[in-house]
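The following note sets out some points on the model for a colleague's consideration. It takes the fold of one chain before the contact between the chains.

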Amino acid sequence: MDYLFHMLVVACIYGTLAIALNLVLGYTGLLSLAQAAFYGLGAYSSALASVHLGLPFSVGMIIGGATAAALSLVVSLSAARLRDDYFAIATFGFQYIVWHLVNNWTDVTRGPMGIAGIPRPSVLGFTMASPVSFLVLAVGMLLIAYVVSARIVRSQFGRVLLAIREDEALAEMLGKSPLQFKVKVFGVCAFLAGMAGAAYGHYFTYVSPTSFTVMESILILAMVIIGGAGSLAGPIVGATLLVALPEVLRFLGIPSSAAATMRQVIYGGVLVAVALYRPKGLLGRFGFGL
Amino acid sequence: MPQLIANTALAAAIVLLLGLGFGLIYRVGRFFHVAHGAVFTAGAYGLFLVVHVLGISLPVAIPIAVVLSGVLGAAIDRAVHRPLRKRNATPAVHLIASLGLYIATTNAFALGFGDQTLTIRGPAISEGLSVLGARLTPIQLVTIALSVVITALAVVLEHRTDSGLRYRAVVTDSALATATGVPVDAVLSGSFLVGSSVAGLAGVLVALDVDLRPTMGLGPLLLAVVAVVVGGVGSSRGLVLGAVLIAAVQNTVGWFLGQHWREPAAFAVLVLFLLFRPRGFLGPRPAGGGER
């Protein structure tokens, strides 16, 4: 049973990451391959805050989110100058640089060895040591992300994002500064991803660079696209499907070492199939100019 | 110092070989062909398959592996990118499909051949040859020589032949090319075939020089993308310049600061160029580059 709760915690963390990415990808139309960088920045900054400064999880989560949001400026400001696919490549570069900094800056991050001994969160003396108690927190985080994204989408601000996605020149003509909106929505996206990173670190009590590679960014992107970019529920569906996939493969009798590789083959193939046959994803309304 | 120059030349040669095909495809397809990295890997695994599973000797196996990767590239175009073009998909959709292809293909290699590093039994390992005070193995010398020859051939092919003329017509204006009877799909298939063969050759050369892993393609591919962007899309001289610059930055940084700073240095160059000069050194003014 604990295993099921564990999988649900993982699904909630990925769900939060996917919801956050969807704000940028699905609602603003910007293809970002840097989500795992923000996720990792959040995980590392909250891990360091709790291991070195002894700060509680709640503060760590805010520090994680804020660090990621601050660094998202580097990415979002470059959106002012670059066409969409060039922007995607720039985010790819950003992701690579952040990963290598985390991996190489051994004095602070301990490099490939990672940071161990991150405490499980505790509330009023009760430590969330079991997956089921942590699940309460993870579901709470997912709900926050969902509500934040739903409120943004239904607000005036969200309608401007949609206008930018559909026709940027028109939005600009109506007196909206696309860059200002992109910077803000990227900040929210990175903040949520940073929170998810903090939750990851405090749940696994260990962070290392291997969890935040560019492949992780592509996985999160695939979750949004397969679930349906530009729909509120799509990212959660996509995250659940891709988190459950290796378990399903294992259930079918495939050894777990091969299951991980096979998951990659399947989701890579599904990504191609979605692009070819259903660019809107399972639940989406938006298919990148289709 | 001579060794640093030799290492730079070798790295630039690989980046150039990959960048030639990537640029060739980018200019007509107008999308970032990430799966080009999988085609490069396919060259290496194709060689392993032909030599070690089918037991064919190396001199015959190399052309087979090169053709196999060329065919893989053309098949990718036929099965995925041509249907997307018919639907007028945006470059972002092509890029997403290409990412999916890269992941599916390289992990299929991992399933078929295993995750571990493999080596191809080539001729007996000999000490490197001494060239102007630096040490290079014969295969490294061949790599450098081939990249020079193929770059020259690519320039000739593009500017001195009928196929090159049709290619340039599609690059300039694909709709107009269609209207004047240029078979646009055939030009694209040809570009994929040629570009992918060269990428496969690069994979073969790297596999013979070092070894092969399912993930071997992403790093070199991204460096090739950096070289194409830095040099300016569509300029052969720019590409050579970009490849040399990237290789020089990587090797110099690696030499003085440590090998683990090689990659971030290359990507820092990419991000700087994207921010301050998206059309690269020698790229065409607006449309061709990445500026909005």
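1. In this predicted model, contacts within chain B between residues at least 6 apart in sequence are made up as follows: 75% of them join residues at least 24 apart. Two residues count as being in contact here if their C-beta atoms, placed from the backbone, lie within 7 Å.

2. As to secondary structure, chain B contains 11 helices and two strands. Read from the N terminus, the order of its elements is α-α-α-α-β-β-α-α-α-α-α-α-α. The radius of gyration of chain B is 19 Å, close to the 19 Å given by the globule rule for 292 residues, so chain B is as compact as a globular protein of that length.

3. On overall dimensions, a box of roughly 55 × 45 × 35 Å, taken along the principal axes, is filled by the C-alpha atoms of chain B. Of the 292 residues in chain B, 55% count as buried.

4. Turning to the interface, how many residues does the contact take from each of chains A and B? Chain A supplies 35 residues and chain B supplies 38 residues. On the side of chain A that touches chain B, the elements giving two or more residues are helix H4 (84–104), helix H10 (214–227) and helix H12 (256–277) of chain A. H4(A) gives the most to this side, with 13 residues.

5. Regarding composition, the residues on the side of chain A that touches chain B comprise 22 nonpolar, nine polar and four charged.

Conventions: Residues numbered from 1 in each chain as written. Chains lettered and ligands numbered in written order. Predicted model: local features only at pLDDT ≥ 70, side-chain atom pairs only at ≥ 80, totals over all residues. Helix = DSSP H or I, 4+ residues; strand = E, 2+ residues; numbered from the N terminus. Nonpolar A, V, L, I, M, F, W, Y, C, P; charged D, E, K, R; others polar. Rg over C-alpha atoms; globule rule 2.2 N^0.38 Å. Buried ≥ 20, exposed ≤ 12 C-beta atoms within 10 Å, placed from the backbone.
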